[in-house]
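Open the model in your viewer and keep the sequence panel at hand. We will go from stop to stop, with something to select at each one.

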Amino acid sequence: MIARVRAGEREAYAELVRPHADVAHRTAVLLGAGADAEDVVQVSFVKAYRALATFQEGAAFRPWLLRIVANEARNAGRAARRLRSAVERNAALEALPLAEDDPESLAVSRERRAELLSAVRALSEPHRMVVTCRYLLDLDEEETATVLGWPRGTVKSRLHRALARLRAGLGEPVLSSPCDDGGRRP
């Protein structure tokens, strides 16, 4: 069946995945996709189709497919948690009456935000990229590592250094740590 799909028979792919559709859906639900389980399964089937060229001949198809479903379910769960977190943060910020009602607080808030953005722009490119991915785009470390093409340890160390430089640039106390290289590396 896989050989037929690889040979270009798209209809054969439907025959290949149909017996696994129910278990794929259960996997997505049980791993936290919830109401998005159907979407997770569809995305997983598309990703599996695109990656079929990398499927190891002779290996079991079902575990390979379910691994893709599991990854997509985790991604969907993380995205949902990030969205909930962002909504909660926004709700908490909106609950603060001070900024809208107090022109002085609003001006200070805008000034502080401008200082922060200026400090981010002043970082070296690797530090600016990691801060942008992690905090401005709200990606987790693994996603940041994937987006930037760096090992996860590199993301952690560069993020640590970037935050130390941001604190220093903003006039906040900087605590040294064994990971700090004193700015020798980007």
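A residue counts as exposed when its relative accessible area is over 50%, and as buried when that value is under 20%. Leucine 136 has a relative accessible area of 51%, so this residue is exposed. Keep those cut-offs in mind as you look around, and remember that this is a predicted model.

**The whole chain**

Start with a cartoon view of everything. The protein chain has 10 helices and 0 strands, so there is no sheet to look for, given that strands would be listed alongside helices. Of its 186 residues, 31% count as buried. Switch on a surface if you like: the accessible surface comes to about 12,200 Å², and 55% of that belongs to carbon and sulfur atoms. As for how the chain meets itself, take the contacts between residues at least 6 apart in sequence: 53% of them join residues at least 24 apart.

**A nonpolar patch outside**

Now return to leucine 136, which is found in helix 8 (residues 125–136). Select Leu117, Tyr135 and Leu137 along with Leu136: these four form a nonpolar patch on the surface, and their accessible area together is about 390 Å².

**Into the largest core**

Next, show Tyr13, Leu52 and Phe61 as sticks. Among the 25 residues of the largest nonpolar core, these three touch the most other members. Helix 1 (2–6), helix 2 (10–17), helix 3 (21–33), helix 4 and helix 5 (61–94) each give two or more residues to this core. Helix 5 provides the largest share, 8 residues.

Centre the view on leucine 52. Which residues is leucine 52 in contact with, leaving aside its neighbours within four places in sequence? They are Ile2, Val5, Arg6, Tyr13, Leu16, Phe61 and Trp64.

Two of those names, Tyr13 and Leu16, come back when you select helix 2, where Ala12, Tyr13, Leu16 and Val17 are buried. Look down the axis of helix 2: its buried residues fall within an arc of 130°, so they line one face of the helix.

**A buried serine**

Move on to serine 44 in helix 4 (residues 37–51). Is serine 44 buried or exposed? Its relative accessibility is 0%, so serine 44 counts as buried. Beyond its neighbours within four places in sequence, serine 44 is in contact with Ile68, Val69 and Glu72.

**Charged pairs**

For the last stops, colour the charged side chains. The structure holds 9 salt bridges. Select glutamate 141 and arginine 152, whose side chains meet in a salt bridge (3.4 Å, N to O). Glutamate 141 lies in helix 9 (residues 141–148) and arginine 152 in helix 10 (residues 152–169), so this pair ties together parts that are 11 residues apart in sequence. Add lysine 156: glutamate 141 forms a salt bridge with this residue too, with the closest N and O atoms 3.9 Å apart. Lysine 156 is in helix 10, so here the parts tied together are 15 residues apart in sequence. Lysine 156 is partly exposed, with a relative accessible area of 44%.

Finish with a network: Arg4, Glu9 and Glu15 are joined by salt bridges that share partners. Within this group, the side chains of glutamate 9 and arginine 4 meet at 3.1 Å, N to O. Glutamate 9 counts as partly exposed at 34% relative accessibility, and arginine 4 counts as partly exposed at 32%.

Note on methods
Residues numbered from 1 in each chain as written. Predicted model: local features only at pLDDT ≥ 70, side-chain atom pairs only at ≥ 80, totals over all residues. Heavy atoms only, no water. Helix = DSSP H or I, 4+ residues; strand = E, 2+ residues; numbered from the N terminus. Buried < 20%, exposed > 50% of the residue type's maximum accessible area, 1.4 Å probe, protein only. Contact = heavy atoms within 4.5 Å. Core = buried A, V, L, I, M, F, W, Y, C linked by side-chain atoms within 4.5 Å. Areas by Shrake-Rupley, 256 points an atom, 1.4 Å probe, with all protein chains shown as cover. Patch = residues over 30% accessible without salt bridge, like charges linked within 9 Å, V, L, I, M, F, W, Y side chains within 5 Å. Arc of directions from axis to C-beta.
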